[in-house]
Amino acid sequence: MLAVVESRIYFFATIFGFDFEIGFMSASIDNEANQLKSSNLSKSRLANLIRQYSFDISNEANQLKSSNLSKSRLANLIRQYSFDISNATMRYLKLKDRCKTTQVYAFTPSSTATSTPTSAAVAIATATANKRHHLEQLPTLNSILRESVDTVLVSTTKTLLPYGLPRTDSLEPRIDPYLKSEDFVQSLAELYRRENSGPDSDKSLVHLEQYTMSLSNGDPKITRRRLQFARKHAVDVHTKVVLSAWLRYERREDELVGTSPFDCIGRNLECPKSALIHGYDPDSVFDHCQCSRAIDSSNGNSDINYILDGNDQFSSSDLDEIVCFCIGKEEVYCNRGRVASLSRPLKAMLYGNFVESMKNSIDFSGIGISVEGMRAVRLFSESKKLDSCLPNVVMEILSFANRFCCEEMKSACDNYLASLVSNIDEALILIDYALEEKVTLLTASCLQVILRELPGCLHNSKVMNIFCSSEARARLAMVGHSSFLLFYFLSQVAMEEDMTSNVTVNLFERLIECSTERWQKALAFHQLGCVFLERKEFNEAHHCYEAAAEMGHVYSLAGVARTKFRQGQRCLAHDIINSIISKNKYPMGWMYQERSLYNSGMEKILDLNEATRLDPTLSFPYKYRAVSMVEEKNQTEAAIKELNRILRFKVSSDCLELRAWFHIALEDYNAAIRDIQALLTLEPNYMMFNGKVIGSHLVELLGQHVNQWSPADCWMQLYDRWSSVDDIGSLAVVHQMLINNPEKSILWFRQSLLLLRLNCQKAAMRSLRFARNHSSSYCERLVYEGWILYDSDYREEAITKAEESISLQRSFEAFFLKAYALADTYLDPESASYVIELLEEALRCPSDGLRKGQALNNLGSIFVDCGKLDCAADCYMSALKIKHTRAHQGLARVYHHKNDKKSAYDEMTKLIEKAENKASAYEKRSEYCDRELANDDLSMATQLDPLRTYPYRYRAAVLMDDQKENEAVEELTKAIAFKPDVQMLNLRAAFHESMGDLSSALRDCEAALCLDPDHKDTLNLYNCARTRAVST
């Protein structure tokens, strides 16, 4: 009974953000429950319990009357917060289930607090305490009740918007926590020149700087490639260890069930054993490592046949060289010359002017080594091996080696102990010993385990003590393991996990201490400024931003202005940004966006419009214009259209949330649910209404106002949305299906495909990991692991996974994966025939129509490449019969190859009529019409998706053909400003080269090669331009 009251009240509290004390929560819940269950309580006893633990309805009624609330309000409150006595016993039976459900007490799933059957109330109270810093900012129950009557009623629209619609004065863009260059192309070109002109030892750091610069570009493939190249050119063990762990973290292998930190993908690039090998060998980084052929050295195959006791036998020739080391009452006989050869101090002691050189028996009782340790020293002096020694003995030998400067023996001990570290508990124990003894490799091995456990070990106090304290950092520095790279990695992980935590601040402080170059200091100070700004510590943020600006990072001045604005100095903030704009020949979109914060009225709107013109990927201008439409003119539908402009090509959580707010205001609950479910796919822990309401709970409330779908309905809805190329709608349906069946791996996989279409790679990889974790068979798991490897640029490993799965069980997904991975390169006729066979085998295996439509579409594409147009047409027609709408594009391509442009144009028109996302269709249709119509289609494509680069390149080429060279360059320049694409840089370089501007041509080629070093067209153009530049 008590649990029923508590769980119901707490349920509403978590939904609406009520922050009130539940006084009757205590550890005695289970005792009361047991009494209710075991004893046959009378009605009076039950009534007493109700009176003891429930709300005093009469007091609530008095408060309501004093507040002039209506009787209906009182009735609603009674219905909402009271319970049915007659059903109390049955509800009590579900006490444990109620306490276990995360929707009862967890504000975010990141706190995975669970409760046991005997301590449910304690678990709930603990979870509440963990979120107290957040809950304290929320309104209390009484404060909500004192507001408008309708905000508490579940059945009203206002309840679904308990905090009202957002206001323009509450909107503010975030300061991005990465470096932004004033001239991104020039910065890339300079980095490329440094990479190719500097020594090999500096290349890794140059690639790390390229990684930092590429973060502002937003392409995860480019950033991952930069990290791979940094690892490729790493020289020392420390750099290899950190970068290997970083690459593993980027793939988030820690989320894969059943994996360990030492799991290897089979390449030296991320291999934990290869990382511990010192030396520069860039050509072998992408080779297969030796992990699969590792030999267990603990099988007793050592060639050491000595007996570790005191009865060792020596030949007669060695007797004159025997020396006895006494440890207590034990004696260890050694060869004097071989022990002396271990180090110069031992040689001086045994053969120099020391007393021990004249003795045949030397007392070693006071030097801190045991008899077993001394015998092991003797064995090492004979064989130079430690294979038969126990770890604790090796640790003694290491201390002995340090005392007597035995570098060879110290290195052997270091290598041996480093090979033993296998988990974080061992690492945390051994790293202190390693730092004490100042051994590099053991420290690296321990550090590697810790880093490969991230982010799970981030809040381990022992781990943070190693990195955060100044003393610990100094100890790491003494063994060569304190670097900018290490703390850069740690700070990025911490910032992603919890930007405002003290751990994050401490790691950034260490990062600043390790920064040596200007770009490193600019990055460290700028990111720490972002952390302090998020923590609302404006003075500290101001100092950090100023320090970053002094290092030449102009974008940090936006942070300086923001802190001034937050402290009430609006005019000063405006002057700072205005000064930046006036000094730049080519101002950037973020500059006008930032200045708009400090303007008002029409000036603000003009700045926002200019920001969108210069950089259409900035989401804040769309959001502000949408909210102002609702706030000033009550034009909610127009506001939704404004948000649609950016959501067509850039899906983000904040824009989806804002559009959901507007749909709720219009009482279009189906559309609101769609947006929230798509949002939760991107960020499962998202809190709606400025962090006050759990997104999943809001979906439950909205679900009361719409018709519920059965599993069959969901599949029908998915087919309809998939066929209409409505990716956001499809994403929402898949999310609903996963709520009903979270263990179905194929749904997680389909979710990942949709997210990839929407360019949400991080969320897509998370869904793919869930698909792998929920696989129902080993064969299925191999397929998903293959897709993870393929999306991480490990194509050969992905094919191997597919082949292994096929060898165990033929399946559509295994054949499709292999075909897809093989087709992702230039196909000769023989390879193309093999891919066709694989896709045909895939189509013979069971699968749903959605996947078969994709396979038919891909098969048709291969047929076109091979010139088999009739076969291709059959494939596309078959795909269209099962509602794979994108097959219209392939069929148009067939008509085009048959010189039937009109049919091709008509086919693309059908796709435009059916598809929700039309930008690519307009772009493709432009190829099948005359120039005027093509320009119209490409203009529409750019309007729908300004990130598509082909329209800019086409228009620039047309302008170049018309001898309008400057206009052609300008057309490319305005797109490169917000999307520095390799093909556009290559085309602009070609234009500059044809115009005789060789310096600009070389700059653009270098920038393009920095993004893609293997781009053949750019390499050829670069060599040609360099030759011309030298000759002139």
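## Strand pairing in a predicted model

Two strands are taken to pair if DSSP finds at least two bridges between them. With that in mind, Cys326 can be placed opposite Glu331 in S2, and the same reading applies to the small sheet described below. The model is a predicted one.

## The three-stranded sheet

Strands S2, S1 and S3 form an open sheet in the order S2-S1-S3, and the pairing within this sheet is mixed. S2 and S3 are the edge strands, each of them pairing on one side only, while the twist from one strand to the next averages 30°.

The mixed character can be followed pair by pair. S1 (residues 322-327) and S2 (residues 330-335) are joined in the antiparallel sense over six bridges, and within this pairing Ile322 has Asn335 in S2 as its bridge partner. The two strands form a hairpin with two residues between them, and in the turn Gly328 has a positive phi of about 70°. S1 and S3 (residues 361-363), by contrast, run parallel and are joined by three bridges, with Ser361 in S3 serving as the bridge partner of Cys324.

## The setting of strand S1

Is strand S1 enclosed by the rest of the structure or exposed? Six of the six residues of S1 are buried, so the strand is largely enclosed by the rest of the structure. In a regular strand the side chains alternate between the two faces of the sheet. In S1, Ile322, Cys324 and Cys326 point one way, whereas Val323, Phe325 and Ile327 point the other way, and all of them are buried.

A helix also belongs to this part of the picture: helix H19 (residues 371-383) lies across S1 and S2, and runs at about 10° to S2.

## Helices H26 and H28

Helix H26 (residues 484-497) packs with helix H28 (residues 518-534) at an angle of about 20°, their axes being 12 Å apart, which makes H26 roughly parallel to H28. The crossing in which H26 passes H28 is left-handed.

On the side of H26 the contact is made by Phe484, Tyr488, Gln492 and Met495, and on the side of H28 by Trp519, Gln520, Leu523, Gln527 and Val531. When these residues are sorted by class, the contact of H26 with H28 has six nonpolar and three polar residues, and no charged ones.

## Helices H35 and H36

For helix H35 (residues 636-647) and helix H36 (residues 653-665), the axes come within 10 Å and cross at roughly 160°. Because of this angle, H35 is roughly antiparallel to H36, and H35 passes H36 in a left-handed crossing.

H35 contributes Thr636, Ala639, Ile640, Leu643, Asn644, Ile646 and Leu647 to the contact, and H36 contributes Cys655, Leu656, Leu658, Arg659, Phe662 and His663. The residues of this contact of H35 with H36 divide into nine nonpolar, three polar and one charged.

## Ser926 in a loop between helices

Ser926 is placed in the loop between helix H52 (919-925) and helix H53 (931-944). Is Ser926 buried or exposed? Residues count as buried under 20% relative accessible area, and Ser926, at 6% relative accessibility, therefore counts as buried. If its neighbours within four places in sequence are left aside, Ser926 is in contact with Ala934, Asp937, Leu938 and Tyr950.

How values were computed: Residues numbered from 1 in each chain as written. Predicted model: local features only at pLDDT ≥ 70, side-chain atom pairs only at ≥ 80, totals over all residues. Heavy atoms only, no water. Axes fitted to C-alpha atoms, helices over the stretch in contact; angles between N-to-C directions. Helix = DSSP H or I, 4+ residues; strand = E, 2+ residues; numbered from the N terminus. Parallel < 35°, antiparallel > 145°, perpendicular 65-115°, else oblique. Left-handed = near helix turned anticlockwise from the far one by under 90°. Contact = heavy atoms within 4.5 Å. Nonpolar A, V, L, I, M, F, W, Y, C, P; charged D, E, K, R; others polar. Buried < 20%, exposed > 50% of the residue type's maximum accessible area, 1.4 Å probe, protein only.
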